[in-house]
Amino acid sequence: MLGDMNMEEMNEKKDIERESSPKLEVQDETEVLKRIQPWTKQITLRGTIVSIMIGSMYSVIAMKMNLTTGITPNLNVSAALLAFVFIRTWTGLLQKFGIVSIPFTRQENTMIQTCAVACYSIAVGGGFGSYLLGLSKKTYELTGVDTEGNSPGSYKEPGIGWMTGFLFLVCFIGLFVLIPLRKVLIIDYKLIFPTGVATAVLINGFHNRGDDMARKQVRGFMKCFSFSFLWGFFQWFYAAKEECGFAQFPTFGLQAWKQTFYFSFSMTYVGTGMICPHIVNLSLLIGAVLSWGIMWPLISRLKGDWFPADLPESNMKSLNGYKVFIAISLILGDGLYNFVKIVLITFISIYGRLKHKNLMNSDKMGSQNKAIDDLKQNEVFVRESIPLWVGAVGYILLTIVSVIAIPRIFPELKWYYVIVAYIFAPSLAFCNAYGAGLTDINMAYNYGKVALFVLAALAGKEHGVVAAMVGCGIIKSVVSVSCILMLDLKTAHLTLTSPRAMIVSQAIGTAIGCVVAPLSFFLFYKAFDVGNPNGEFKAPYAVIYRNMAIIGVQGFSALPQHCLQLCYGFFAFAVGINLVKDLSPPKIGKWMPLPMAMALPFLVGAYFAIDMFLGSLVVFVWQKIKPKKAEMMVPAIASGLICGEGLWILPASILALAKINPPICMKFLSS
């Protein structure tokens with residue numbers, strides 16, 4: 001999920017972005033500063049409407065990815081591109097009717113991107129595919145009602161009311177955490193925030209390089225969007241039942257199809273593969289081959305020896321237990337390694353800055369190397385200050401409300417646990433934002449997992465599972481929202497956008513997301529069989545998070561026979577592969593697979609890894625043949641493929657809710 005997968009999108013992109021110059025192509029400092037509108041005019045009505053449209057569409061797309069595979073690519077650049085496409089189309093139509101509209105500026109473009117990203121980020125990180133869905137009765141039953149630690153009644157069925165209220169409580173508080181430190185992180189420490197820089201470079205490019213490139217990108221986006229939407233519509237006619245249609249086409253034969261090796265014709269995942277770095281897609285394919293190609297067929301033959309033959313495969317004491325717990329061991333090994341690594345990098349960097357503070361200050365006084373662009377960006381960023389009391393009062397008030405309200409929603413989580421969570425949250429948010437600024441890795445999920453295990457151990461067997469997952473959600477949401485805000489403030493710094501406008505935009509987007517995300521979730525929850533391990537909407541992280549909580553409560557007795565030894569091996573493998581990646585020369589290290597990405601096919605299957613690998617292959621060939629055109633067009637093409645099929649989900653869900661089924665079942669049988 002931008003979730004667990006967002007933290008892997010770093011190595012290839014980071015090197016390119018560090019070399020990219022985010023400088024603005026402007027001539028006269030005074031002229032530029034005069035042209036910049038006050039922050040109240042940077043937030044426009046048309047921008048807010050477009051933000052709601054993009055954020056809502058991406059919320060549906062992100063929710064589908066959450067509930068199918070758990071992978072959501074970083075869509076910041078795509079949101080900036082769509083904002084540009086929408087507003088330019090809007091102003092172009094008005095001009096044809098003789099209506100003059102206000103100019104479209106980079107500041108408005110940045111505001112729309114920020115608001116839209118804040119909106120869909122709630123769908124990505126709100127826990128709908130992980131800790132909140134893990135509280136449902138279906139997930140409770142899947143993990144075994146007789147499992148020790150999975151105590152009777154330790155579930156809470158999804159509901160729009162309590163989910164919306166919970167999101168407002170835990171997401172809004174993240175906006176106030178790092179407000180006092182925005183200047184320190186972005187101007188004083190000059191943190192890179194590669195994704196924020198990439199978005200700023202794209203927006204500045206749109207508004208500097210004229211309309212020719214923009215027209216090509218718009219045409220490419222519209223062609224792929226139309227094709228993807230119509231393809232989704234066409235596929236629907238042949239998918240009357242679960243194992244019917246093009247999504248189940250046995251591309252490599254029926255035997256391979258039984259082990260989930262087939263191309264599912266999903267334009268969403270082809271587009272996702274085009275956005276994700278090549279190493280992510282390669283890691284997914286390696287994980288798919290290792291699990292579904294080798295391990296699961298071998299373990300299945302040990303039925304009756306390693307696990308009872310009379311248990312269904314979906315039981316946690318059967319084959320599904322090995323799938324879940326080995327995936328958890330890979331995720332935890334990779335997460336723990338990166339957690340320790342980023343924390344060490346953060347503290348070493350802070351210590352180095354404090355140690356050389358005086359030297360740095362004296363260098364600044366005499367240095368002539370500071371570019372005039374930096375001075376302009378810093379002046380705009382600091383000019384409209386945000387009072388310290390705004391952050392402090394907002395955080396304290398929301399903490400008081402949360403301490404009262406959250407235990408009412410979840411009686412298992414005592415009020416004093418909520419207070420402790422909010423005491424530690426600001427320091428964790430700072431560490432996470434600092435680490436993300438250096439490495440482009442958002443570690444919010446790992447901070448959440450630490451909280452999960454601590455609370456599971458403290459709360460005991462009766463209430464531990466629910467308390468652990470809710471506590472995980474609190475920490476993760478506060479830490480993630482504050483990190484996303486800092487990333488967007490970096491974009492604002494480089495596009496000369498007011499920080500006040502950015503924070504208001506983020507607040508608007510967060511408010512919209514807290515309403516749209518639960519509605520998007522229930523669109524899927526009511527229309528499709530969400531949580532079925534054999535269906536399309538497997539929601540793998542819901543089972544993973546609940547089982548992590550059970551392990552935290554009862555220890556390793558939840559694991560099937562010989563599973564612990566396999567888990568030890570894969571945990572060590574995850575740590576070892578990260579060590580090799582970091583210690584070996586870059587030419588070798590960049591080809592080391594990512595354990596987090598490898599873990600996902602263990603539960604979900606190989607089909608989506610094949611789709612994403614195909615997208616990566618298209619980009620690789622395109623970059624070799626026409627590198628400049630590929631650099632310009634890949635974001636537009638990928639966004640079109642993702643958005644087209646993603647938008648088809650809306651009519652498909654409405655048809656399913658209306659009990660209108662596809663007329664044909666296309667299925668392949670052995671001769």
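Let's start with confidence, since this is a predicted model: the mean pLDDT of the chain is 84, and 91% of the residues reach 70 or more. Two stretches deserve some caution. Over residues 1-33, pLDDT stays under 50, and for that stretch the model has 94 contacts beyond four places in sequence. Residues 358-370 also stay under 50, with 5 such contacts in the model.

Now, the inside of the protein. How many residues are in the largest nonpolar core? There are 201, and the ones with the most contacts inside that core are Tyr 58, Ile 406 and Tyr 545. If you want to know which helix gives the most to the core, look at H21, residues 444-494. Helix H21 supplies 27 residues.

Let me stay with Tyr 58 for a moment. Setting aside its neighbours within four places in sequence, Tyr 58 touches Leu 75, Ser 78, Ala 79 and Leu 82, along with Tyr 120. Its list of contacts also has Ser 639 and Cys 643 from much later numbers in the chain.

That brings us to the cysteines. A search of the whole structure turns up 1 disulfide. Which residues does it join? Cys 244 is linked to Cys 665, with an S to S distance of 1.9 Å. For those of you who like torsions, the angle about the S-S bond is -65°, and the link is left-handed. Cys 244 sits in the loop between helix H12 (211-236) and helix H13 (254-258), while Cys 665 is in the segment after helix H28 (627-657), so the bond ties together parts that are 421 residues apart in sequence.

Are the two ends of that bond buried or exposed? Cys 244 is buried, at a relative accessible area of 5%. Cys 665 is partly exposed, at 37%.

What about Cys 224? Cys 224 is in no disulfide, and its nearest cysteine sulfur belongs to Cys 643, 11 Å away. With 15% relative accessibility, Cys 224 counts as buried.

Cys 431 is another one to look at. Why is there no bond from its sulfur? The closest cysteine sulfur is in Cys 483, and at 12 Å that is too far for a bond, because a disulfide needs the two sulfur atoms within 2.5 Å. Cys 431 counts as buried too, at 13% relative accessibility.

So, if you open the structure after this, you could begin at Tyr 58 in the core and then go over to the Cys 244 to Cys 665 link. Thanks, everyone!

Terms used: Residues are numbered from 1 along each chain as its sequence is written. This is a predicted model: local features need pLDDT of at least 70, side-chain atom pairs count only at pLDDT 80 or more; totals for chains, interfaces and linings use all residues. Side-chain values use heavy atoms; hydrogens and water are left out. A nonpolar core is a set of buried Ala, Val, Leu, Ile, Met, Phe, Trp, Tyr and Cys residues joined through side-chain atoms within 4.5 Å. Buried means under 20% relative accessible area, exposed over 50%, partly exposed in between (1.4 Å probe, protein chains only). Helices (H or I, at least four residues) and strands (E, at least two) are DSSP runs, numbered from the N terminus. Contact means heavy atoms within 4.5 Å. pLDDT is the predictor's confidence in each residue, from 0 to 100.
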